[in-house]
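Subject: A structure to look at

Hello,

Here is the structure I said I would pass on to you. Have a look at it first, and then read on for what turned up.

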Amino acid sequence: MSPPQPPPAESAEQRFRTLYADVHDDVLRFVRRRSPVEAVSSAEDVVADAMLVAWRRFDDAPRRLDAQRAWVFGIARNCLLTAHRGRGRRGALAVRVTDGAAAAEAATSPHDELVAGLDLAAAWRRLSSVEQEVLALTVFEDLTSAQAALVLGTTPTGYRLRLMRARRALRSLLAVDDDAAEPAPAPRRASPPATDALEATR
């Protein structure tokens, strides 16, 4: 009896098809969040370009599927930056959020959720595009520090440092909004004049 044979290795095309099915929808959402409103309709073109680049460079892809996902996100980000530069935009990608969509988890009522969501959306828009990008990779794309670092072309330690600064900036902006929402203290009533002072005016 011959020994059992190992299953045949998947071809590159089969492995790429698996990756494509796993990552396509997530990468499309990733690109749409970072596209200006007037360019959202071209997000699928950007993703198509990214997947074509990924296929051509598939021999260089990481072996693990989760690392391949981050690798494709990085390619999509570069394609998006190229598209932005073509429209005269520079710098990092500003990540759009929908007002009220990201309500704070601690909210306890629909009204609280709405207020928290609006506060968060307002604070988000005041972050720099770099801070938005760093936070979005963790919050929206659910990437680990190692995966997010691969997308941005930095080290996991470097990414964690950027993430800490971005979180601190967001907390600071939310705290400013909370302070602004606090009602101003009522003016203190002037102390009544002393009796002897009244007597002196008579």
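Asp 142 counts as exposed, because its relative accessibility of 64% is over the 50% cut-off. You will find Asp 142 in the loop that runs between helix 5 (129-139) and helix 6 (145-152). Its phi is near 55 degrees, a positive value in a residue that is not glycine. Please keep in mind that this is a predicted model.

Now for the overall picture. The protein has eight helices and zero strands, so in order from the N terminus every element is α. Of its 202 residues, 32% are buried. Among contacts with a separation of 6 or more, 65% join residues that are 24 or more positions apart.

Next, the interior. In general, nonpolar side chains tend to be buried together in soluble globular proteins. The largest nonpolar core here has 45 residues, and those touching the most other members are Val 27, Val 31, Val 72, Leu 137 and Tyr 159. At least two residues of this core come from each of helix 1, helix 2, helix 3, helix 4 (110-126), helix 5, helix 6 and helix 7 (156-181). Helix 3 gives the largest share, with nine residues. To see one of these core residues up close, pick Val 27: setting aside neighbours within four places in sequence, Val 27 is in contact with Val 47, Val 72, Phe 73 and Ala 76.

How do helix 1 and helix 2 run relative to each other? The axes of helix 1 (residues 12-33) and helix 2 (residues 43-56) come within 10 Å and cross at roughly 150 degrees. That angle is over 145, which means that helix 1 is roughly antiparallel to helix 2. Their crossing is right-handed. Residues making the contact include Phe 16, Tyr 20, Val 23 and Val 27 of helix 1, and Val 46, Val 47, Met 51 and Trp 55 of helix 2. By type, the residues of this contact are 13 nonpolar, one polar and three charged.

One last residue: is Arg 69 buried or exposed? Arg 69 counts as buried, because its relative accessibility is 18%, under the 20% cut-off. Arg 69 sits in helix 3 (residues 65-86). Not counting residues up to four places away in sequence, Arg 69 touches Leu 19, Asp 22, Val 23 and Asp 26. Val 23 also belongs to the contact of helix 1 with helix 2.

Enjoy exploring!

Best wishes

Definitions and conventions. Residues numbered from 1 in each chain as written. Predicted model: local features only at pLDDT ≥ 70, side-chain atom pairs only at ≥ 80, totals over all residues. Heavy atoms only, no water. Helix = DSSP H or I, 4+ residues; strand = E, 2+ residues; numbered from the N terminus. Buried < 20%, exposed > 50% of the residue type's maximum accessible area, 1.4 Å probe, protein only. Contact = heavy atoms within 4.5 Å. Axes fitted to C-alpha atoms, helices over the stretch in contact; angles between N-to-C directions. Parallel < 35°, antiparallel > 145°, perpendicular 65-115°, else oblique. Left-handed = near helix turned anticlockwise from the far one by under 90°. Nonpolar A, V, L, I, M, F, W, Y, C, P; charged D, E, K, R; others polar. Core = buried A, V, L, I, M, F, W, Y, C linked by side-chain atoms within 4.5 Å.
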